[in-house]
Each structure stands twice: as C-alpha cells, then as structure tokens.
Amino acid sequence: MKIEVRGLTKKFGSGTAVGDVSFVVHEGELLGLLGPSGSGKTTVLRLIAGLEVPTAGDIFIDGKRVNDLTVQERNIGFVFQHYALFKHLTVFDNIAFGLKIKKWSRRDSEQRVQELLGLMSLVGLGGRYPHQLSGGQRQRVAIARALAPRPAVLLMDEPFGAVDAKVRQELREWLIRLHTDLNVTSLFVTHDQEEAMEVSGRIIVFSKGKLEQAGSPADVYEEPATEFVARFIGSMNIVEGVVQREQVQVGSLEFPAPGFADGQKLQVGFRPYYLKVAEDPTRYRQQAKLRHIYFLGVAYRLEIETPDGLILRSRMNKEEFRRCRFTVGQAVSFAVTHFRILPQEGMASPHGTETSRPLTGPLTP
Amino acid sequence: MRRVLIGIVWFYFLVLLVGPILYMANQSFSQGIEAFWTEISRPEALHGFALTAEITGIVLVLNLFFGTMTALVLVRQQFWGRGLVSGVIDLPFAVSPVIAGFMLILLFGPDTLLGTFFGQARVKVLFALPAMILATLFVTFPFMVRELTPLLQTLGTEEEEAARTLGAGEWQVFLKVTLPALRWGMVYGATLTVARAIGEFGAVLVVSGNILLLTQTATLHIYQSYVDFNYVAANAVALTLLAVSFAILTILEIAKARAETTVAEAGAQ
C-alpha cells in the first residue's frame, strides 16, 4: 500500500523535529530514510505509525487520510530499534500476539506463526524466550511479529542498529530477499549511508528535520542535491573558492565554472577516487605532501596536503597502490579528474544543468 | 581471620535471631501444649488474629491498586511537584509509626474539619477500623511503589508501543504487557506489605485505643498480655505471628524458584 505524507511537521516544545516534509512511498517499495541522529527521521516514522501526533500536515496510507486513526487502527507493522519483544512471552506467543488481539482463530494463527517461523529461519525456536536468542534472531522475531497480522505497511526503526557488523550484513541481505518475496511496502530508518544504499530501492536523506533529497541510491550518490547530502553520502572532498573569470580559485587549484559571476563564493566537491595521486612529482601539475596512508581492506586511502594547507583524500585500489610504493611524508603530484560545483546552502540543485564534468586543461598534463 | 569473621556472623545471627525465637518458643510451651492452645484459641486472641487479617487484607488490596498507580504516574508522567511526591514517598520509612498514629489523631480529632465532617456523618474513624487501616497504609505505602518504580524504568515504553502497533487497546496493553512485567515486583511488594501490616504496632496502638474485642489486633494483644503478666499468652500469640510471617517468606521463595525453573526449562526445549 502506498504511503504519502504532505507538509508533515512535528514540534516538541520550542524545537522542530520535523519541518514541512512531503514524500511518497510507492506500493511495494523498500525505502530508506537516511540521516544523522537527531535529524528527525525516527519521528517521521513514529508519526506515520501514529505513535506521535503531528503538529501539522497529512498522512495517507493507501490513499486514505489516517491522521485521525489511532495507532491501533492504522494496520501498520512496526519494528523497534531495540526489538521491544515481550520478555515474558515465548517466540511463538510474541509472533501470535497481534493475531490474538485481532481474534484470529486458533488454527489460523497457529498456521500463520509456523509460516513466519519458517520464513524467518526461526524453525524450532518457537518455545524459546527472547533472552535465550541471539541479537539477529531477536530482530527476526521482531520482524515476524510485525508482519504476522498482515499489515498494510512495514515500518522499521534502525532495524540493524543493535546487532554486530557481521550479523548486520547477513540481515541486510536477508531483508532484501524477504522484501522481494513478500513485496510489502516498507519504510526503514537508518543513519548508516552504506546500509541505506545497499538495502533500499530509493533513499530519502534527512537533515535537521528537513528533507534534503529523495532519489535512487545512484542519484543521491552521483548527483547530491545539497552540500549536506554531498558530505553525508559517501566521502567527498569539499573546497571553497571565489569565482574569477569563470574559474573557481582554490589556492593553486582552478575549477572551471562557466556562467557564474565573478566574486561569487562557490563550493566544489570531488569524490576521493577522482583525485589521482602519483609519486612522480612531474606526472601531474599540482604538488602536495603525502600525510597519511590508510589501509581500508579493499583499497587504500591517501591523505595529502597541498602547499596552501588543504587536506584532501584520495582513494586508490591495491594494484595501483603497489605500483607506486608511497612513503608517508614524500612529495607527490596530483590531479582532480571529475568535480561538481555544489548547490549552495538552502538552494535547490540546478537540476538538468550539467555540473559534473571531467576536468580537462589546467589540471591534467 | 576467615574463621573469625564467619564466627562473628554466626554469633550475631544466634544472639539476635535464633536465641530469642527459641526462648520464645520455649516460654510458649512452658506450661504445656494445652496452655499454648488455650491461649491462642481464647476469644481475645482469635479476635486479634481476625482483626489483623482483616486490616492486612484491606491494606494489601489498597496498596496493590494505589501503589501500582502511584508508581506508574511517578515514572511515566511529568507533572508539577513530581520530585516532591517522589521524595515524600519514603517518609514513612523515616517517621516513627507512633508519630504517624499521632498525626492521624490530630487530623481526625473532634475539633478539625475532617473530624467534624465524619462526626456529622456518624462515621467513627478514630478508635475504629478506618483509622487502623489508614495507619497501616501509611507505614506500608512505600513498599509497593519502591518495588515497582525501578521495574517500570527498565521496562520503558517500547514494549507497550509495540503492543499498540499490533492493535492492542490501552487495557490490553496494561493487562498483557505492563502487568506481566511487574508481576514479581508486585509479589515482593505484597509480601513486604503483608509482613509489615501483620507486625504493625505503634501507629495502630495510638489510633485504635486498644479496646478489647473491638480494636485489639494480634500485636496489641501480645502487648496487653505482656503488660498483664500473662507471658504464656504473649509468647504463644507472638510465636504464631512469627510462624505466619515465616510461612509467607517461604512460599515466596518457592514460587520464585519455580518461576525461574519454568523459564529455564521452556528455553531448553
């Protein structure tokens, strides 16, 4: 079922947790709400569930305005960050809880619970109590419990927040499979951009109670609409300079900025893998000193410092790194091959205009 | 050194607990089991037991209800004066029961507003059951609240919210989620309440007037027998009360052990 929120606003005392947010979750979609802690994303989820009352705005589930429906009447499944399993009930009774409340017959509810135990790889654990389960198992029980009464939508608050890294990876893959099988409209909240990218079909990025950008993981990554998104999603070098003769000047670096007026302050961003570094000081035009080498497992990250004192990050795959034989402190040359002129604070992205381009001319030999 | 420490503990235990109990038991039966039986089955003693049971029962029900409610309100609601209420709840622990009784005497005395009101309505509060219940409530009130407050704090509200998202109404949430989470706290609170109510003396003495066959509870009967040099009666009734308290504690421990093994066994399947 489709979820839609329009102009959703929630104020707590004098603070605004959610400010005038509108978006749609399409039927059958798995959508991630991404933002740092305190960005209001959990509040949005609780507002949709009916656990909080909005200060303003409308919420629609399946085209019906649900503002005046209580949480009990909204027919949603909610998965809490810390599971919130009923400690005094067994796994079976936890999953059957909603069915009992909705007065399913004994046979139907038994069948439904068995079906979910199978679906969640929890077969044989029905008689256990929550404290006898691992973190990943508890999380799956929580999802099973939420899904049991066949809710119209599934809402999950940081569903993988409380399990360790390895289990988290398994749970992510498992959730994607589950969603493919069940196709229930799902909305989940996370502060982990990698998780949001991997799990969701579409991402909505939040900051300070405002919607920053909505789009596919690739869109949000490649075409960040705001400076916040650019900084928050993935890693990005961001430098600031003033336009002179259609060029942004950042120390000795120059970035073409056609169409921008002289004297305008602009921010330029580029991903670490678009920053090429060579040990040969004559390979690229720009000079810098290598400050740090970080081993990331699949790749290396180099941190360089330009003569102007800018600290920039570069990412390099293992083969390339081995060829170069870097040592910390040595002089290197570098070039930026792709960059973006970032939309200014509070300004929408100049959509449709090409701001990302391969850089030619001054920076490459 | 270790032996000395253990020895001190044993000595302390024997002198303070076992000794008096054995001596009391011995005195109870000093004139034979017949005399013991006569003393605890005479009408004054039986009336005392019945009155104590009545007060204890009523106080337990009231405490279960108001104690749970108070704990819920204190933990869950933000209101003006919350800190004050929370601090004052422990007052009965600090105030002598005699003072508690005396406060009731002042409050319901014939010259006060409340006293006049109940006087007009011809309801006898002082030197009657109502005042004795109030006095016992005063001294036992903190037990339930103090047992439940930490449990409610650890429980939080997420489980209750989960139940709501699954369609449970407020009563169902309370009965199926909140209450089960509190049950052991309630059992402990109830046990402490009962033990304290059975043993209450000072506050009840002040407000009851200690009228034979009317407002004389079991503990008051012990006191009266002692004052009247009827040591066998005092010891016999005291020993009986002691046995009841001991039985309650034992039942509690057995119930707790059984509940724990049930959970463990269910998990082992």
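**Figure 1. The kink in helix α10 of chain B.** In this predicted model, α10(B) bends by about 50° at L179(B), shortly before the proline P180(B). The helix covers residues 170-199, 30 residues in total. If you check its end-to-end span, the terminal C-alpha atoms are only 38 Å apart, whereas a straight helix at 1.5 Å a residue would reach 44 Å.

**Figure 2. Strand β14 of chain A and its two partners.** Here we turn to β14(A), residues 265-270. On one pairing, β14(A) runs antiparallel to β11(A), residues 237-244, with 6 bridges joining them. Look for G241(A), whose bridge partner in β14(A) is L266(A). Another antiparallel pairing links β14(A) to β20(A), residues 338-342, through 3 bridges. In that pairing, V268(A) has I341(A) of β20(A) as its bridge partner.

**Figure 3. Burial of strand β14 of chain A.** Staying with the same strand, 5 of the 6 residues of β14(A) are buried, so the strand is largely enclosed by the rest of the structure. Buried here means under 20% relative accessible area.

**Figure 4. The largest cavity, lined by residues of chain B.** The structure contains 3 cavities of 30 Å³ or more, and the largest has a volume of about 50 Å³. Its lining is made up of T52(B), I55(B), T56(B), T136(B), A197(B), I198(B), E200(B), V204(B), T217(B) and T219(B). Two or more lining residues come from each of α3(B), residues 43-76, and α10(B). The biggest contribution is from α3(B), with 3 residues. For anyone thinking about polarity, the lining divides into 4 nonpolar, 5 polar and 1 charged residue.

Technical notes: Residues are numbered from 1 along each chain as its sequence is written. Chains are lettered from A and ligands numbered from 1 in the order in which they are written. This is a predicted model: local features need pLDDT of at least 70, side-chain atom pairs count only at pLDDT 80 or more; totals for chains, interfaces and linings use all residues. Side-chain values use heavy atoms; hydrogens and water are left out. Helices (H or I, at least four residues) and strands (E, at least two) are DSSP runs, numbered from the N terminus. The expected span of a helix is 1.5 Å times one less than its number of residues. The bend at a residue is the angle between axes fitted to the seven residues ending there and the seven starting there. Buried means under 20% relative accessible area, exposed over 50%, partly exposed in between (1.4 Å probe, protein chains only). Two strands pair if DSSP finds at least two bridges between them. On a 1 Å grid over the protein atoms alone, a cavity is a set of points where a 1.4 Å probe fits but cannot get out, and a pocket is an open set with protein on both sides within 12 Å along at least five of seven lines; lining residues have an atom within 4 Å of a point. Grid points are joined across faces, edges and corners, and a volume is the space filled by probe spheres set on the points. Ala, Val, Leu, Ile, Met, Phe, Trp, Tyr, Cys and Pro count as nonpolar, Asp, Glu, Lys and Arg as charged, and the others, Gly among them, as polar.
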